[in-house]
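Here is a short briefing on one protein chain. Please look over the sequence and the structure before reading on.

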Amino acid sequence: MSRIGAKPIPIPKEVKVSISGSENREIQVQGPKGKLTGTFDDRALTYELTPESLVVKRLGNENADRAMHGLVRSEIVNMIQGVVKGYERKLEISGVGFKALQQGKRLNLTLGYSHPVIVDIPAGIEVAIDKQTAVTIRGIDKHLVGQFAADVRSHRPPEPYQGKGIKYQNEQIRRKEGKKSK
């Protein structure tokens, strides 16, 4: 039995959860920071909603059903936490002349290339830039925040010799020693 999937999901007082859609496959979570909707198309799961909690129940016992049980429960917990607290990822830019500027709904990155890298900021994401080298990405959807941070980082990942590039705030870069002359 799934240990994660069997745990009831507590619902805070300021959050409203509703189940709708065909065959009760769509879960809507609304809280102080916004509204999220998730569609889980697994036919082997059912949902029991009470005012204090939500329980995800599994009908079958196949390996795929057991795997989806814990995953769907975790996704719903992430949705509830997102509308209450939100999510945040911090990126640090290091390198001579490397910087970030926000221009409306676009992020303009100068990363040592012959051209600036311009990234469109998706809806539901807020970007704050401190000192041109620290980028903070905030939003209520955990997947969207993480994916946008990974997309920005992918334009110049940190390299191990000089440490230049875009890295997550707490990321440890394993530095390598360069060539030695005799």
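The points below go from the whole chain to its cores and then to single residues.

The model is predicted. The protein chain has two helices and 13 strands. Its radius of gyration is 21 Å, against a value near 16 Å for a compact globule of 182 residues. There is a largest nonpolar core, of 21 residues, and apart from it lies another, of 18 residues.

**Overall dimensions and surface**

- The C-alpha trace of the protein chain spans about 65 × 45 × 25 Å along its principal axes.
- Of the 182 residues, 35% count as buried.
- The accessible surface comes to about 11500 Å². Carbon and sulfur atoms account for 49% of that surface.
- The protein chain carries 31 positive and 20 negative charges. The mean positions of the two sets are 8 Å apart.
- Take the contacts between residues at least 6 apart in sequence: 49% of them join residues at least 24 apart.

**The nonpolar cores**

- In soluble globular proteins, nonpolar side chains tend to be buried together.
- Which members of the largest core touch the most other members? They are Leu91, Ile93, Leu107, Leu109, Ile137 and Phe148.
- Six strands and one helix each supply at least two residues of this core: β7 (87-94), β9 (106-110), β10 (117-120), β11 (125-130), β12 (134-139), β13 (165-168) and α2 (142-153).
- The largest share comes from α2, with four residues.
- The other core, of 18 residues, lies apart from this one. Ile11, Leu36, Tyr47 and Leu54 are among its members.

**Leu107, Leu109 and Ile93 in the largest core**

- Leaving out residues up to four places away in sequence, Leu107 touches Leu101, Val117, Ile118, Val119, Ile121, Val127, Ile129, Phe148 and Val152.
- Leu109 lies in strand β9. Its relative accessibility is 0%, so Leu109 counts as buried.
- With the same sequence neighbors left out, the contacts of Leu109 are Ile93, Lys99, Ala100, Pro116, Val117, Val119, Val152 and Ile166.
- Leu109 and Lys179 are 70 residues apart in sequence. Their C-alpha atoms are 30 Å apart in space.
- Ile93 lies in strand β7. Is Ile93 buried or exposed? Ile93 is buried, because its relative accessible area of 7% falls under the 20% cut-off.
- Beyond residues up to four places away in sequence, Ile93 touches Phe98, Lys99, Ala100, Leu109, Leu111, Gln132, Thr133, Val135, Gly165 and Ile166.
- Ile93 and Ala123 are 30 residues apart along the chain, and 23 Å separates their C-alpha atoms.

**Leu45 in strand β5**

- Leu45 lies in strand β5, which covers residues 45-49.
- Leu45 has a relative accessible area of 0% and is therefore buried.
- Not counting residues up to four places away in sequence, Leu45 touches Arg25, Val56, Lys57, Arg58, Met68, His69 and Val72.
- Leu45 and Glu126 are 81 residues apart in sequence. In space they are 34 Å apart, C-alpha to C-alpha.

**The loop between β11 and β12**

- Lys131 lies in the loop between β11 and β12. Gln132 has its place in the loop between β11 and β12 too.
- Lys131 has a phi near 55 degrees, a positive value in a residue other than glycine.
- Gln132 is not a glycine either, yet its phi is positive, at about 65 degrees.
- How exposed is each residue? Lys131 has 73% relative accessibility, so it counts as exposed. Gln132 has 37% relative accessibility, so it counts as partly exposed.
- Gln132 is also one of the residues that Ile93 touches.

**Gln169, after β13**

- Gln169 lies in the segment after β13.
- Gln169 is partly exposed, because its relative accessible area is 37%.
- Gln169 and Leu91 are 78 residues apart along the chain. Even so, 5.3 Å separates their C-alpha atoms.
- Gln169 touches Lys90 and Glu92, not counting residues up to four places away in sequence.
- Leu91 is one of the six residues that touch the most other members of the largest nonpolar core.

Definitions and conventions:
Residues are numbered from 1 along each chain as its sequence is written. This is a predicted model: local features need pLDDT of at least 70, side-chain atom pairs count only at pLDDT 80 or more; totals for chains, interfaces and linings use all residues. Side-chain values use heavy atoms; hydrogens and water are left out. A nonpolar core is a set of buried Ala, Val, Leu, Ile, Met, Phe, Trp, Tyr and Cys residues joined through side-chain atoms within 4.5 Å. Buried means under 20% relative accessible area, exposed over 50%, partly exposed in between (1.4 Å probe, protein chains only). Contact means heavy atoms within 4.5 Å. The radius of gyration is taken over C-alpha atoms; the globule rule is 2.2 Å times the number of residues to the power 0.38. Accessible areas come from the Shrake-Rupley method with a 1.4 Å probe; for residues, only the protein chains shown count as cover. Lys and Arg count as positive and Asp and Glu as negative; His and the chain ends are not counted. The place of a charge is taken as NZ of Lys, CZ of Arg, CG of Asp or CD of Glu.
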